[in-house]
Each structure stands twice: as structure tokens, then as C-alpha cells.
Amino acid sequence: MVASDPDTIELDVESEGGGVVVRRAFQPLLRARIEGREIPTVPINLCQLGVLVPAGKDGVVISASSGPEIAAGVAAGIVALGLLAA
């Protein structure tokens with residue numbers, strides 16, 4: 001583990017391909033990337049975060065996606081405008 005904070009985890013991984021288990025709860029909002037390319041995250045043992053990594057030496061960045069939060073904000077704005085218009 002290179003760095004860790006509440007929203008981001010950075011890992012240096014060297015493997016023949018397989019999975020990395022992170023001692024953090026699996027959340028569908030968490031996204032893993034290698035050099036900007038998204039790689040799959042999966043639940044391990046029903047609750048831990050797993051990342052499927054390709055063969056080789058790579059830097060993996062796991063971070064929370066802000067897409068659902070932005071969509072919720074837009075929907076709330078539309079509802080608020082609708083209420084004001086009514």
C-alpha cells in the first residue's frame with residue numbers, strides 16, 4: 001500500500017494476474033484504475049473489497065465514484081425547480 005485516505009487507496013501490485021484483497025468493505029461506488037483504465041472490483045467473503053489485476057507490475061488506484069452523487073444533485077435540482085413552478 002502506497003497511500004490510503006477515506007476516499008482513495010493506492011497500491012503497487014506485482015503479480016502473474018489474479019486478485020488483491022483490501023481490508024475495506026466492498027462498496028459498488030468504489031472504482032479501481034490502472035493508468036486511467038478501469039479494472040473490475042468484486043466482493044470477497046461477502047464483505048471485503050477485491051480487485052482483479054492483470055499480470056505485471058502496476059500501480060492501482062481505488063477511489064469512490066462521484067457519478068451517483070452528481071446524478072442525485074441534478075435530480076434534486078429538477079425537483080426543487082418543479083416545486084417552485086407549482
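Contact here means heavy atoms within 4.5 Å. Keep that cut-off at hand for these exercises on a predicted model.

**Exercise 1. Find the contacts of Asp58, and work out whether its charge is paired.**

Solution. Start by placing the residue: Asp58 lies in strand β8. Next, list what Asp58 touches beyond four places in sequence: Leu11, Asp12, Val13 and Ile34. Now look for a partner of opposite charge. The nearest such side chain belongs to Arg37, 5.3 Å away. A salt bridge needs a side-chain nitrogen of Lys or Arg within 4 Å of a carboxyl oxygen of Asp or Glu. Asp58 has no salt bridge, although Asp58 is buried.

**Exercise 2. Describe the two faces of strand β4 and name the strands that pair with β4.**

Solution. Sort the residues of β4 by face. Leu30, Ala32 and Ile34 make up the covered face, while Arg31 and Arg33 are on the uncovered one. This fits a general pattern: in a regular strand the side chains alternate between the two faces of the sheet.

Then turn to the pairing. β4 and β8 run antiparallel and are joined by 5 bridges; in this pair, Ile34 stands opposite Val60. β4 also pairs with β5 (residues 37-39), again in the antiparallel sense, over 3 bridges. Here Ile34 faces Arg37 of β5. Finally, inspect the link: β4 and β5 form a hairpin with 2 residues between them, and Glu35 in the turn has a positive phi of about 50°.

**Exercise 3. Locate the salt bridges and state how exposed their residues are.**

Solution. Searching the whole structure gives 2 salt bridges. In one, Arg31 meets Glu38 with an N to O distance of 3.8 Å. In the other, Arg33 pairs with Glu38, and the closest N and O atoms are 3.4 Å apart. Put these together and you have a network linking Arg31, Arg33 and Glu38.

Now classify each member, remembering that partly exposed covers the range between under 20% and over 50% relative accessible area. Arg31 has a relative accessibility of 32%, so Arg31 is partly exposed. Arg33, at 36%, is therefore partly exposed. Glu38 is also partly exposed, because its relative accessible area is 43%.

**Exercise 4. Work out the strand order of the open sheet that contains β7, and identify its edges.**

Solution. The sheet has 3 strands in the order β3-β7-β6, with antiparallel pairing. Its edge strands are β3 (18-25) and β6 (41-44), each of which pairs on one side only. Ignoring direction, neighbouring strands of this sheet are turned by 35° against each other on average. Zoom in on one pair: β3 and β7 (residues 48-53) run antiparallel and are joined by 6 bridges. Within this pair, Gly19 stands opposite Leu52.

**Exercise 5. Identify the best-connected members of the largest nonpolar core, then trace the surroundings of Val51.**

Solution. The core holds 13 residues. Those touching the most other members are Leu11, Ile39, Val51, Val60 and Ile62. As for the elements involved, β2 (8-15), β4 (30-34), β7 and β8 (56-64) each give two or more residues to this core.

Next, take Val51 and leave aside its neighbours within four places in sequence. Among its contacts are Ile39, Val60 and Ile62, which are also on the list of residues touching the most other members. Val51 is in contact with Gly18, Gly19 and Val20 too, and its remaining partners are Ala32, Pro40 and Thr41.

Conventions
Residues numbered from 1 in each chain as written. Predicted model: local features only at pLDDT ≥ 70, side-chain atom pairs only at ≥ 80, totals over all residues. Heavy atoms only, no water. Pairing = 2+ DSSP bridges. Helix = DSSP H or I, 4+ residues; strand = E, 2+ residues; numbered from the N terminus. Axes fitted to C-alpha atoms, helices over the stretch in contact; angles between N-to-C directions. Core = buried A, V, L, I, M, F, W, Y, C linked by side-chain atoms within 4.5 Å. Buried < 20%, exposed > 50% of the residue type's maximum accessible area, 1.4 Å probe, protein only. Lys, Arg positive; Asp, Glu negative; His and termini not counted.
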